[in-house]
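Open the model in your viewer and keep the sequence panel beside it. This tour goes from one selection to the next and says what is found at each stop.

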Amino acid sequence: MKIPRRIAQTLMNSLKGGVVPRVGLPYVTVGRKAEIDALLRDVDVIADGGASFRFIVGKYGSGKSFLLQTIRNYVTAKNFVVVDADLSPERRLQGTRGQGLATYKELIRNMSTKTKPEGGALSLILDRWISGVQQEVTASSGLSVTDPQLAPLVEKRISAVIGSLNEMVHGFDFARLLTLYYRAHISGEDETKARVLKWFRGEYATKTEARQELGVNIIVTDDDWYEYLKIFACFLKQANYAGMLILIDELVNIYKIPNAITRQYNYEKILTMYNDTMQGKAQHLGIILCGTPQCMEDPRRGVYSYEALRSRLAEGRFSGQHKDLLSPVIQLQPLTLEEMLILVEKLADIHAELYEYPQIVTQQDMVDFIGIEFGRIGADSHITPREVIRDFIGVLDIVYQNPEVKVRELLGSGDFAYARNAVQEESAGEQFAEFEL
């Protein structure tokens with residue numbers, strides 16, 4: 001497996017630190033095929049002009065963020081624009097001190113495309129849109145790029161493109177700002193372009209400031225930021241993108257809000273977003289929220305404490321143990337032992353290639369390691385991929401830096417004795433009988 005050194009280093013550092021890397025995920029993706037397929041079906045609906053809304057629910061370290069970033073990479077490759085943010089005490093969906101606006105700012109700051117996956121793609125998107133319109137008009141009119149007659153034709157085409165935005169809430173001012181950006185782009189007024197970008201990023205504190213600098217009487221606020229994301233989704237489609245996907249992680253930070261009324265306001269915002277996408281009020285837009293089972297199902301503080309959401313999202317009477325990946329809530333199931341073995345094999349290969357040493361971890365060593373990890377008391381319901389990955393990379397680091405230490409000796413040492421129990425002692429090999437070692 002040949003992986004660029006920079007990507008391999010990022011993978012190892014991120015995974016050992018318990019965070020999800022933004023690059024290199026295809027090299028370590030294991031399982032989750034059914035969940036990925038279900039979410040990619042949503043992506044096709046969005047590209048056709050529809051909208052979707054999903055919750056991804058799983059324990060800490062179960063792979064929610066990993067799945068989000070995997071989907072992010074898939075859809076940017078399909079010409080989607082992705083905005084993502086993690087909620088925190090300072091970033092919520094609604095707040096009395098601008099926490100909702102703070103989430104909007106983070107989403108726009110992390111705006112990503114295929115050519116700029118690290119975020120900050122807003123100016124690139126606008127410039128590419130203008131260049132695309134110019135090329136279309138040049139091709140259809142036969143005029144050269146330097147012909148003075150070209151500019152009025154381009155502006156007319158731009159007006160036609162953004163005209164559909166006028167019917168949306170705040171669409172008129174949004175369209176006006178796009179026109180301002182185009183004119184500044186043509187005339188080389190970088191200061192005006194910067195001001196328009198500042199407005200789109202939600203950085204104007206008062207309407208007076210926006211009126212003085214741009215001539216518009218409106219700004220993005222804590223109450224209406226979601227309306228602007230809907231406008232962005234429609235504009236991006238006009239700009240020849242497939243649509244927009246919003247990824248919001250750490251929903252647990254709403255669950256943790258101590259004030260019941262503030263929590264209800266946040267759940268009300270979720271209800272608005274859910275209704276818009278389900279009822280067709282939003283177009284070319286997908287929304288995915290991630291949280292833990294507790295932050296969803298707690299009857300006092302969780303999402304289900306808001307009756308309007310509980311009645312829409314709770315599982316039906318016939319669900320039982322069967323997975324329903326067509327429902328709004330996707331419950332992440334634990335990776336199987338076989339999938340975890342494949343994952344540690346991939347990690348061992350990447351580690352050996354990164355540090356340029358011959359592979360010293362045998363498949364039997366990996367089987368023994370998985371047997372120890374899953375042999376802990378309660379591991380069947382509590383262990384997560386994050387813990388297994390962190391422990392295994394730790395083993396790889398130790399045996400690489402200490403060549404005299406053998407993996408089998410390390411796994412059998414007192415350092416790992418805490419994980420051994422009668423179940424594991426019977427034989428890790430019995431759990432992997434299907435593997436012909």
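Start by selecting F53, which is found in strand β1. The model is a predicted one. Is F53 buried or exposed? With a relative accessible area of 3%, F53 falls under the 20% cut-off, so F53 counts as buried. Now show what surrounds this residue. Leaving aside neighbours within four places in sequence, F53 is in contact with I270, M273, Y274, T277, M278, I287, L289 and P328. Add N275 to the selection as well: the C-alpha atoms of F53 and N275 are separated by 9.1 Å, although the two are 222 residues apart along the chain.

Next, select β4, residues 285-291. Two of the contacts of F53, I287 and L289, are on one side of β4, along with L285 and G291. On the other side are G286, I288 and C290. In a regular strand, side chains alternate between the two faces of the sheet. Both faces of β4 are covered. Seven of the seven residues of β4 are buried, so this strand is largely enclosed by the rest of the structure.

Keep β4 selected and add the strands that pair with it. Strand β1, residues 51-57, runs parallel to β4, and seven bridges join the two. To find one of these pairings, select I56, whose bridge partner in β4 is C290. Then add strand β3, residues 244-249, which also runs parallel to β4 and is joined to it by five bridges. Here, select L247: its bridge partner in β4 is I288.

Move on to strand β2, residues 81-86. Five of the six residues of β2 are buried, so β2 is largely enclosed by the rest of the structure. Six bridges join β2 to β3, and the two strands run parallel. Within this pair, V83 stands opposite I246 in β3, and V82 has L245 as its bridge partner.

Now show the whole sheet. In what order do the five strands lie? The order is β2-β3-β4-β1-β5, in an open sheet with parallel pairing. The edge strands are β2 and β5 (329-331), each of which pairs on one side only. From one strand to the next, the twist averages 15 degrees. Add helix α4, residues 99-109, which packs on the sheet and touches β2 and β3. The direction of α4 makes about 135 degrees with that of β2.

Leave the sheet and select two helices, α10 (residues 225-238) and α12 (residues 260-278). Their axes come within 11 Å and cross at roughly 25 degrees. Angles under 35 degrees count as roughly parallel, so α10 is roughly parallel to α12. The crossing is right-handed. Which residues meet here? W225, Y226 and K230 in α10 meet K269, T272, M273 and D276 in α12. The residues of this contact divide into three nonpolar, one polar and three charged. One of them, M273 in α12, was also among the contacts of F53.

For the last stop, select R183 in helix α7, residues 171-187. R183 is partly exposed, with a relative accessible area of 45%. Add K193 and compare the C-alpha atoms: R183 and K193 are 10 residues apart in sequence and 8.9 Å apart in space.

How values were computed
Residues numbered from 1 in each chain as written. Predicted model: local features only at pLDDT ≥ 70, side-chain atom pairs only at ≥ 80, totals over all residues. Heavy atoms only, no water. Axes fitted to C-alpha atoms, helices over the stretch in contact; angles between N-to-C directions. Helix = DSSP H or I, 4+ residues; strand = E, 2+ residues; numbered from the N terminus. Parallel < 35°, antiparallel > 145°, perpendicular 65-115°, else oblique. Left-handed = near helix turned anticlockwise from the far one by under 90°. Contact = heavy atoms within 4.5 Å. Nonpolar A, V, L, I, M, F, W, Y, C, P; charged D, E, K, R; others polar. Buried < 20%, exposed > 50% of the residue type's maximum accessible area, 1.4 Å probe, protein only. Pairing = 2+ DSSP bridges.
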